[in-house]
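Colleague: Hi, could you walk me through this one when you have a minute? I'd like to start with the contacts.

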Amino acid sequence: MSETENKKEISRNNFIKIGWGALAGMVALEIGGVTLAYMQPRLGDGEFGGIIEAGEVDTFPPGSVTQITSGRFYLSRLLDGGFLALYQRCTHLGCSVPWDQVQEKFICPCHNSVFTTEGDVINPPAPRALDLFPVLIEDGIIKIDTSNPITRQNYDPSQVVYA
Amino acid sequence: MKPEETEELPSNLFDRMRKTLAPSGIPTDRRGRIRLVLDSLILHIHPTKVNTRTLRFTYTWGLGGLAALLTVILVSTGVLLEMNYTPSPPDAYLDIINLNTNVWFGSLVRNLHHWSGNLLIVASVLHLLRVFFTGGHRPPREMNWMIGVALLLLVLGANFTGYLLPWDQLAYWAITVGTSILSYVPLIGDWLNRLLLGGPEVGAATLLNFYALHISIIPVSVVMLMSYHFWRIRKDGGLTIPKKPGEELPDKMESATTIPYLVRPELMFAIAWLAIIFFWAMLVPAPLEGIANPLISPNPAKAPWYFMGLQELLLHFHPFFGAILIPGLAVTALFLLPFYDVELKSVGVYFRSRRSRYLTILSAGFSLLLTPIWVLLDEYAIHWTEWLPSWPTWISNGLIPFFILFLGIYVLAGWITKLSRATVEEHVLVIFVYLFTALVILTVIGIFFRGPGMELFWPWMMPTH
């Protein structure tokens with residue numbers, strides 16, 4: 001057997017090895033991909049995540065915070081009459097933040113994060129303001145779309161919705 | 001049939017059945033005992049003979065054996081519990097009530113499972129400490145150390161997934177807090193969190209996911225890794241051999257047959273612990289609160305006790321540092337320990353040497369003093385986010401305190417080591433002891449000293465409401 005033939009033989013061997021290796025890799029990727037895709041969250045069937053009617057505009061006096069339990073959010077009406085729908089889930093570790101009527105603040109029982117009526121952080125460890133749900137006002141009726149919470153760093157006047 | 005063959009058969013049925021299980025009874029001679037271990041499926045996880053020094057109870061404290069016993073109890077009681085449980089809210093909770101009130105010995109089986117699971121964490125951690133302090137992680141046992149660390153993580157995972165299954169307030173909020181930690185993993189955190197929960201919040205999909213993890217994926221992994229763990233002990237030449245500081249092991253050492261000198265104390269130990277666990281489970285019920293309510297977080301909402309050290313860290317650091325970086329670094333260091341702590345002379349000597357016995361006490365003492373001081377300072381005096389209001393919190397409440405602590409421990413450990421002219425291995429020991437003591441103290445503070453609003457209280461002045 002000549003020198004060149006010998007080399008050719010080895011490279012063919014390598015080719016087959018690499019080929020098998022690539023095939024095995026693809027099989028592993030496929031199995032991994034199928035498993036991951038299979039385990040993707042199933043969409044909830046309307047228990048939480050739809051559009052929720054909170055009520056008429058006039059039923060919420062300015063400067064009030066009302067818990068809407070079916071949508072897991074607080075409807076906060078600011079003193080200037082604007083609305084914010086604040087998701088009750090603490091941005092720190094997911095506890096339900098109760099509204100403290102006396103201190104007029106949201107105080108999380110888990111790690112003592114404190115939020116303003118606008119949802120801004122007064123006291124850490126919460127890293128950012130409470131998440132928002134989009135507020136729609138049609139014919140004086142307030143509707144809140146709870147399908148996707150909007151994350152934000154801080155409160156900003158542009159987030160407020162007016163009737 | 002020849003007459004002599006019929007004579008060999010025992011006269012009654014019971015004796016004949018016994019003979020098919022153990023053909024010649026338990027032999028009393030050395031050769032026969034060795035033969036029996038070799039021929040037995042279960043016994044042959046042991047060698048036929050063991051070094052008499054390793055039989056000393058105060059060397060191993062039987063901790064690995066206790067962990068194995070607890071695993072057996074957990075599998076047996078777990079299988080029984082499965083037959084009275086539906087992994088779907090609110091049935092899950094109602095099933096536990098039914099188990100406690102309607103099922104014969106239902107609460108006993110549940111208590112046994114609950115307390116064995118908790119005890120398994122304690123036993124595994126103590127086993128890890130025993131192995132570390134006697135140098136059992138050093139070559140050639142690196143692989144078995146890493147399997148052991150993996151098993152410890154699986155034990156924590158088994159406990160955590162099992163925590164959700166009763167579907168009470170305790171379970172719901174501990175798992176909400178615990179899984180939210182995942183969302184601070186950079187880039188893929190939120191995706192990972194949703195994948196585990198099967199949705200945006202802890203709900204029916206989460207319960208089913210955790211059930212599958214708890215009853216099949218984790219236990220199967222544990223049993224497979226455990227078998228590997230046992231097999232590796234024998235491949236690595238058995239246990240490390242205990243000796244005095246500076247002692248040279250003789251070339252020829254005494255050995256004893258596994259039957260009865262290892263098997264007998266093992267059985268006695270197992271029976272004694274079974275009695276303790278049964279008594280405990282009869283007297284102390286596993287906790288159960290009201291049914292899970294996603295609208296109301298209890299105050300305080302605490303993680304399971306074994307994660308209270310982690311939750312305490314979360315009170316002091318930005319979540320990325322408290323929940324991801326610091327624990328991540330600690331677990332990585334634990335895995336890699338056998339690759340930078342390699343000196344072989346002190347293997348088998350508790351705490352390495354006479355000098356490092358003092359270093360261990362000194363390091364633990366420093367941690368015992370400094371950790372509570374740091375917690376108090378951070379609680380009442382240091383307010384990074386107020387001092388640096390315009391900085392992002394991951395720097396002011398994360399990077400800065402992390403860097404200061406890291407530097408502090410580095411300087412302290414370096415100073416202790418330099419003063420005592422310690423070796424690299426003793427330096428590793430000092431840092432390990434310091435950090436482990438800190439973890440224990442943080443856990444104790446989290447369990448006993450944190451009250452409503454996660455504020456600090458004396459345990460005997462804890463407000464109740």
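Colleague: Among contacts in chain A between residues at least 6 apart in sequence, what share joins residues at least 24 apart?

Modeller: For chain A that share is 45%, where two residues are in contact if their C-beta atoms, placed from the backbone, lie within 7 Å. Before we go on, this is a predicted model: local features need pLDDT of at least 70 and side-chain atom pairs count only at pLDDT 80 or more, while totals for chains, interfaces and linings use all residues. Residues are numbered from 1 along each chain as its sequence is written, and chains are lettered from A, with ligands numbered from 1, in the order in which they are written.

Colleague: Thanks. And what is the figure for chain B?

Modeller: In chain B, 76% of the contacts between residues at least 6 apart join residues at least 24 apart.

Colleague: Which elements does each chain have?

Modeller: Chain A has one helix and 11 strands, with the helix at the N-terminal end of the order and the strands after it. Chain B has 19 helices and two strands. Helices (H or I, at least four residues) and strands (E, at least two) are DSSP runs, numbered from the N terminus.

Colleague: How much of each chain is buried?

Modeller: In chain A, 27% of the 163 residues count as buried, and in chain B it is 34% of 465. The cut-offs use C-beta atoms placed from the backbone: a residue is buried if 20 or more others lie within 10 Å of its own, exposed if 12 or fewer, and partly exposed in between. As for extent, the C-alpha atoms of chain B fill a box of roughly 100 × 65 × 45 Å along the principal axes.

Colleague: How many residues does each chain put into the contact?

Modeller: Chain A gives 17 residues and chain B gives 27. On the chain A side, nine are nonpolar, seven polar and one charged. Here Ala, Val, Leu, Ile, Met, Phe, Trp, Tyr, Cys and Pro count as nonpolar, Asp, Glu, Lys and Arg as charged, and the others, Gly among them, as polar.

Colleague: Let's switch to helices. What does α5(B) pack against?

Modeller: Its buried residues pack against α4, α7, α11 and α13 of chain B. Among those buried residues are L66(B), L70(B), I73(B) and L81(B). Helix α5 of chain B covers residues 63-82 and reaches 28 Å from first C-alpha to last, close to the 28 Å expected at 1.5 Å a residue; the expected span is 1.5 Å times one less than the number of residues.

Colleague: At what angle do α5(B) and α7(B) pack?

Modeller: About 155 degrees, with the axes 8 Å apart. That makes α5(B) roughly antiparallel to α7(B). Axes are lines fitted to C-alpha atoms, for helices over the stretch in contact, and angles run from 0 to 180 degrees between N-to-C directions. Under 35 degrees counts as roughly parallel, over 145 as roughly antiparallel, 65 to 115 as roughly perpendicular and the rest as oblique.

Colleague: And how do α7(B) and α8(B) cross?

Modeller: At roughly 160 degrees, with their axes coming within 10 Å. That makes α7(B) roughly antiparallel to α8(B). The contact residues include L120(B) and I121(B) of α7(B), and L152(B) and V155(B) of α8(B). By class, that contact has six nonpolar, five polar and no charged residues.

Colleague: I spotted W173(B). Is W173(B) buried or exposed?

Modeller: W173(B) counts as buried because it has 28 C-beta neighbours inside 10 Å. W173(B) lies in helix α9, residues 169-180 of chain B. Setting aside neighbours within four places in sequence, W173(B) is in contact with C95(A), S297(B), P298(B) and A301(B).

Colleague: Nice. Now backbone oddities: which peptide bonds are cis?

Modeller: One joins P89(B) and P90(B), with omega about -5 degrees; P90(B) lies in the loop between α5 and α6 of chain B. Another runs from P139(B) to P140(B), with omega near 5 degrees, and P140(B) is in the loop between α7 and α8 of chain B.

Colleague: Where do W61(B) and L187(B) sit?

Modeller: W61(B) is in the loop between α4 and α5 of chain B, with a positive phi of about 60 degrees although it is not a glycine. L187(B) is in the loop between α9 and α10 of chain B, with phi near 65 degrees. Most residues other than glycine have a negative phi. L187(B) counts as exposed, since it has 7 C-beta neighbours inside 10 Å.
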